[in-house]
Amino acid sequence: NALKKLSDALNKVIIKDDSNNASINNITVSGNGRNIDGSSSFIINTNYGSATFSYSSSRNKWYIIAYVN
């Protein structure tokens, strides 16, 4: 899964493991060339885990604003 640059009006993306399988098949979220809290990617590795990302166009990077594991 790659996060795409969004306008500030549409700047939140939620990724969720709805298959109860992320502990075996990790979900790797790519920043698509932009950092996610200082890293190039983020991994969801807990069953039914989810993460909410917010994009800042002024800083040209993604922030993790919520993580449920």
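Me: Let's start with F42: is F42 buried or exposed?

Reply: Happy to help! Keep in mind that this is a predicted model. The general idea is that a residue counts as buried when its relative accessible area is under 20%. F42 has a relative accessible area of 16%, so F42 is buried.

Me: How many aromatic pairs does the structure hold?

Reply: There are three aromatic pairs in the structure. In one of them, the ring centres of F42 and F53 lie 5.7 Å apart with the planes at 80°. Planes over 60 degrees apart count as edge-to-face, so F42 and F53 make an edge-to-face pair. This pair links distant parts of the chain, since F42 sits in strand β3 (residues 41-44) and F53 in strand β4 (residues 50-56), 11 residues apart.

Me: And what is the relative accessible area of F53?

Reply: For F53 the value is 0%, so F53 is buried.

Me: Which geometry do F42 and Y67 adopt as an aromatic pair?

Reply: F42 and Y67 are edge-to-face as well, at 5.2 Å centre to centre and 85° between the planes. Here too the pair links distant parts of the chain: F42 belongs to strand β3 and Y67 to strand β5 (residues 61-68), 25 residues apart. Y67 has 33% relative accessibility, so Y67 counts as partly exposed. Taken together, F42, F53 and Y67 form one aromatic cluster.

Me: Now to the strands. Which side chains along β1 point to one face, and which to the other?

Reply: The general idea is a simple one: side chains in a regular strand alternate between the two faces of the sheet. In β1, V13 and I15 point to one face and are buried. K12, I14 and K16 point to the other face and are not buried.

Me: How many bridges join β1 to β4, and what stands opposite K12?

Reply: Five bridges join β1 to β4, and the two strands run antiparallel. Opposite K12 stands S54 in β4. β4 is also the strand that holds F53 of the aromatic cluster.

Me: One last feature, a loop residue: where does S23 lie, and which residues does S23 touch?

Reply: S23 lies in the loop between β1 (12-16) and β2 (27-30). Contacts are read by leaving out residues up to four places away in sequence, and on that basis S23 touches N45, T46 and N47. For a sense of distance, S23 and Y48 are 25 residues apart in sequence and 9.0 Å apart in space, C-alpha to C-alpha. With 42% relative accessibility, S23 counts as partly exposed.

Terms used
Residues are numbered from 1 along each chain as its sequence is written. This is a predicted model: local features need pLDDT of at least 70, side-chain atom pairs count only at pLDDT 80 or more; totals for chains, interfaces and linings use all residues. Side-chain values use heavy atoms; hydrogens and water are left out. Helices (H or I, at least four residues) and strands (E, at least two) are DSSP runs, numbered from the N terminus. Buried means under 20% relative accessible area, exposed over 50%, partly exposed in between (1.4 Å probe, protein chains only). Contact means heavy atoms within 4.5 Å. Rings of Phe, Tyr and Trp (its six-membered ring) pair if their centres lie within 6.5 Å; planes under 30 degrees apart count as stacked, over 60 as edge-to-face and the rest as tilted. Two strands pair if DSSP finds at least two bridges between them.
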